[in-house]
Amino acid sequence: MVVYEDVVKKYGGFTALNGVCAKVNAGEVVCLIGPSGSGKSTLLRCTNALEPIDGGNVVFDGSPLPTEERNVRLVRRRMGMVFQAFELFPHMTALQNISCGPMTVLGTPKRDATELAHSLLKKVGLSDKAMSYPSMLSGGQQQRIAIARALAMKPEVMLFDEPTSALDPETVGEVLSVMADLARDGMTMIVVTHEMSFARRVSDWIMVFEKGRIVEEGKPDQIFEQPKEDRTKEFLRHVGVNV
Ligand code: ADP
């Protein structure tokens with residue numbers, strides 16, 4: 001579904017992605033792990049053209065990402081993105097936050113968008129919060145609403161950029177559990193995360209980043225139990241995984 005062909009991304013003289021080659025198949029959950037600053041979020045932002053690339057190609061569903069703004073918007077609609085900061089609209093209820101995208105962008109009638117929003121609230125376990133404003137919700141609840149909002153656009157792939165790193169520890173689990181449910185439903189997901197137990201348990205494939213490159217990739221059991229690269233071992237030890 002997504003193929004990275006020798007992707008290069010520079011910020012001025014600094015090379016943030018230095019020739020990334022990888023692919024993500026439909027229905028797969030891929031976790032990007034590695035030290036801070038290694039390029040994981042940059043790759044995610046290049047995936048939906050939030051950042052233009054300086055070399056190579058990101059191929060989505062068989063076609064390289066367009067550069068023309070109008071076409072970029074069309075492609076971006078097909079990918080849901082969930083950020084570290086949830087950025088819900090503060091003046092809208094949870095329900096309105098979820099239904100407004102389909103209504104304004106896709107032209108879905110209000111009644112259908114509302115029905116969809118209710119079903120997504122149920123999916124993320126927040127049926128009782130439909131009329132709550134973001135300020136009345138915990139961080140974990142807001143992030144679950146943000147996930148529902150992204151799902152309302154019926155994306156073909158979901159991109160998660162450290163979705164739990166701004167949350168209080170006690171609400172991390174509820175967000176990870178919604179993400180695990182999505183994975184079980186067969187959603188294609190690319191996830192930047194520091195949650196190693198989630199990466200190990202839920203992902204089909206792990207990519208280990210360092211200095212703008214993938215230093216190792218493989219199935220979770222292989223990466224966590226028998227990493228081949230010293231740099232992978234070093235990173236895992238650093239985050240408290242015994243290898
Ligand atoms: P990670 O997600 O692995 O922590 P990032 O992809 O966020 O890493 O960042 C990779 C590198 O690119 C870092 O050194 C970061 O400082 C740099 N970088 C990211 N975004 C920008 C930007 N907008 N301008 C300049 N440098 C950036």
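Colleague: Which exposed residues does the face of α4 turned away from its buried side carry?

Modeller: This is a predicted model. In it, that face of α4 carries Arg 111, Glu 115 and Lys 122. They are called exposed because the word is kept for residues with over 50% relative accessible area.

Colleague: Which residues of α4 are buried?

Modeller: Ala 113, Leu 116, Ala 117, Leu 120 and Leu 121.

Colleague: How do you know whether the buried residues of α4 line one face of the helix?

Modeller: Look down the axis of α4: the buried residues fall within an arc of 140°, so they line one face.

Colleague: What makes you say that the span of α4 agrees with its 14 residues?

Modeller: The expected span is 1.5 Å times one less than the number of residues. For α4 that should come to 20 Å, and the end C-alpha atoms are 20 Å apart, so the two agree.

Colleague: Why is Pro 109 called partly exposed?

Modeller: Pro 109 has a relative accessibility of 49%. Buried means under 20% and exposed means over 50%, with partly exposed in between. The value for Pro 109 falls in between, so the residue counts as partly exposed. Pro 109 sits in the loop between α3 (94-105) and α4 (110-123).

Colleague: Why is Thr 193 called buried?

Modeller: The relative accessible area of Thr 193 is 3%, and buried means under 20%. Thr 193 therefore counts as buried. Its place is in the loop between β8 (188-192) and α7 (196-202).

Colleague: What makes the approach of Thr 42 to the ligand a polar contact?

Modeller: A polar side-chain atom of Thr 42 is 2.5 Å from an oxygen atom of the ligand. The cut-off for a pair of N or O atoms is within 3.5 Å, so this pair counts. A polar backbone atom of Gly 39 is 3.0 Å from a ligand oxygen. For Arg 45, an N or O atom of the side chain is 3.5 Å from a nitrogen atom of the ligand.

Colleague: How much of the ligand's accessible area does the protein cover?

Modeller: The protein covers 63% of the 560 Å² that the ligand has on its own.

Colleague: Which elements give two or more residues to the shell around the ligand?

Modeller: They are β2 (14-24) and α1 (40-47). The most comes from α1, with four residues.

Colleague: How do the residues of that shell divide into nonpolar, polar and charged?

Modeller: Four are nonpolar, six polar and two charged. Among the residues around the ligand are Tyr 11, Phe 14, Ser 38 and Lys 40.

Key: Residues numbered from 1 in each chain as written. Predicted model: local features only at pLDDT ≥ 70, side-chain atom pairs only at ≥ 80, totals over all residues. Heavy atoms only, no water. Near = heavy atom within 4 Å. Polar contact = N/O pair within 3.5 Å; in protein donor to acceptor, adjacent residues only side chain to side chain. Areas by Shrake-Rupley, 256 points an atom, 1.4 Å probe, with all protein chains shown as cover. Nonpolar A, V, L, I, M, F, W, Y, C, P; charged D, E, K, R; others polar. Buried < 20%, exposed > 50% of the residue type's maximum accessible area, 1.4 Å probe, protein only. Arc of directions from axis to C-beta.
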